[in-house]
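Subject: Structure for you, with notes on side-chain contacts

Hi there,

Here is the structure I promised to pass on. My notes on what turned up in it follow just below.

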Amino acid sequence: MKWQSYPRPQLRRESYVILNGTWKLDGKNIEIPFAPQSRLSGFEGTVGDTLVYETTFSIPDDWQNDRVILHFGAVDQVCEVYVNSILVGKHEGGYLHFSFDITDALKNEGENTLRVNVVDTLDRKYPYGKQCKKRGGMWYTPISGIWQTVWMEKVPVSYIEEIKLTPSLSDVEITVVGKVKGFKAIVSDKNGVVTEEAFEENTGKITIPNPIHWTVENPHLYDVKIVAGEDAVDSYFALRTVTIENINGVNRVCLNGKPIFMHAVLDQGYFEDGIYLPEKEDEFEKDILRMKELGYNTLRKHIKIEPEQFYYDCDRLGMFVLQDMVNNGGYSYVFDTVLPTFGFKKRNDCKGRYQEPDRKVIFEQHMKDTLHDLYNHPCIIGYTIFNEGWGQFESDRMYELAKSIDGTRIYDATSGWFAQKKSDLDSEHIYFRVEELHAKERPMFLSECGGYSYLVEGHAFNPDKTYGYGACKDSEELTDRIVAMYEGMVLPGIKGGVCGCVYTQLSDVEDEINGMYTYDREVCKVNKEKMQDLAKRIFAEIN
């Protein structure tokens, strides 16, 4: 059975039950947590706008005197959850986790029934990413319904609901949320207990002796056990800071006070067999290591929120993440892509397009929830708020709001074009050409580029209809074009303040054949040695 590992590495308890496996969807078998459109789901029915999921489960005998929380990793788009025909909760939005206390709906003995009623019309007032009913080009097969792990855990009546971990280079501030009073924190690493301290209130700061800072070269993590009343959870943190500082007259992105270059690839998180999920959790680790092997230190997680396992793997393996917010609202190929690609990059985002009040409220809340849910992960060094104007509105206000919620990261407010006044980076997308890059006051970030295509026979999703920017005949031509692009556009600008570059992309995705790897991840399409050499030259420029 797939996807059986603990789904929440940042808040672990010992007593839990994974509910993935064979369910019924509209009366036919489906393998959860895979979306019904995917091959891995095994679903043979028609996927409509409404979906009814059903399964049964039992409660372990030693859970009888505790509360039971039912968790969903993600369900797209709107759902109602019933336990034993009792409505236990509703949720809207398709990318973030949610949970319900189902204790009062449970039977003390025997099987319980679980039904999830889903409506997914691909309503664009909700975040939808790259999903499209008429897939093709840079728009992909949509997913519906449950697409992440479903699980339960037992908790005491008064329990730790969440923790917030805010590090510096010498200490960590811990905030415990829940109906508990005070807590004890025990910090350890691979060498044993580092320190422990008790606090009478629900917030406390712990100084770490002989601190070891987190970097991509040495992603040192500290484990922490939090004990509050009858409850206890395990988590982890890292000591690191992300800032923009003036180094020798140039504003640079810094980790732990030292300048870094974000040598990045676009990572859309699509998989040939599972669409939004790989077959097994360890495929996240494999993707991260594939990119590290090519010399990259950063993944731009593009318009998708992943299961927490992905971020945990980046934390422990040492990979920076630039996380996109998931777009909602409309899209215009002419106004959002064609015209700005050819230089028309000005737009007042406080009026005109994408001003629908209800969907603006939804985007704002989803942004807040994303910042909240991912706050504790040290790998995340920054966020993209809007990409290429898709659904863009009031980006200056959104930047200020995001910065007020989480000021420990950097923000690319408008990735690509339609920049307003406020952002931590000057962000450009440059395809089809190579041009000199010149930083101004802010660090300059080439947030998308490249996209050169190479079709590997026998490994294409749709060999008769492919999509990319500039066809290459083989691996050597592809690699040489990538290296030439960096030599002409990126390397000369690093000393002057170019802080990062995002190459498109990690793997082929459906019609797109512009990946470093094929969609099935079976073929690396570039010369690894040349890519490693390129990375060394890039990092030498920043040191």
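Y469 is buried, with a relative accessible area of 16%, which puts it under the 20% limit for that class. Please keep in mind throughout that this is a predicted model. The ring of Y469 pairs with that of F432: the centres are 4.9 Å apart and the planes stand at 65 degrees, so the pair is edge-to-face. F432 itself is exposed, at 59% relative accessible area. The two residues are 37 apart and the pair links distant parts of the chain. F432 sits in the loop between β28 (426-430) and β29 (444-450), while Y469 belongs to the loop between β29 and α6 (475-490).

That pair is part of a longer list, since the count of aromatic pairs comes to 32. One aromatic cluster you may like to display is formed by W3, F271, F284, F310 and Y311. Rings also turn up with charges over their faces. R115 lies over the face of Y82, at 4.3 Å from the ring centre, and R290 is placed over the face of Y517, at 5.5 Å from the ring centre.

Next, the salt bridges. A search of the whole structure gives 41 of them, and here are some to look at:

- E400 and K422 form a salt bridge whose closest N and O atoms are 1.9 Å apart. E400 is in helix α5 (residues 395-405) and K422 in the loop between β27 (410-415) and β28, so this bridge ties together parts that are 22 residues apart in sequence. E400 is partly exposed, at 40% relative accessible area, and K422 is partly exposed too, at 34%.
- D234 and K225 meet through their side chains at 3.0 Å, N to O. D234 counts as partly exposed at 22% relative accessibility, and K225 is partly exposed with 31%.
- E477 and K473 form a salt bridge with the closest N and O atoms 3.5 Å apart. Here E477 is partly exposed, with a relative accessible area of 25%, whereas K473 counts as exposed at 66%.

Salt bridges that share partners also make a network, joining K360, E364, K368, E394 and R397.

Finally, the empty space inside. How many cavities of 30 Å³ or more does a search of the whole structure find? There are three, and the largest has a volume of about 50 Å³. Its lining is made up of I303, D324, M325, N327, F363, T384, I385, F386, N387 and W390. Which strand gives the most to the lining of this largest cavity? Strand β26 (residues 380-387) does, with four residues. By type, the lining residues of the largest cavity divide into six nonpolar, three polar and one charged.

If you want a starting point in the viewer, I would begin with F432 and Y469, an exposed residue and a buried one whose rings meet edge-to-face. After that, you could turn to E400 and K422, the bridge between helix α5 and a loop, and then to the lining of the largest cavity, where β26 contributes four residues.

Happy to talk any of this through whenever it suits you.

Best wishes

Notes: Residues numbered from 1 in each chain as written. Predicted model: local features only at pLDDT ≥ 70, side-chain atom pairs only at ≥ 80, totals over all residues. Heavy atoms only, no water. Phe/Tyr/Trp six-rings, centres within 6.5 Å; stacked < 30°, edge-to-face > 60°. Buried < 20%, exposed > 50% of the residue type's maximum accessible area, 1.4 Å probe, protein only. Lys NZ or Arg CZ within 6 Å of the ring centre and 35° of its normal. 1 Å grid on protein atoms, 1.4 Å probe; cavity = no way out; pocket = protein on both sides within 12 Å on 5 of 7 lines; lining within 4 Å. Points joined across faces, edges and corners; volume = space filled by probe spheres on them. Nonpolar A, V, L, I, M, F, W, Y, C, P; charged D, E, K, R; others polar. Salt bridge = Lys/Arg side-chain N within 4 Å of Asp/Glu carboxyl O.
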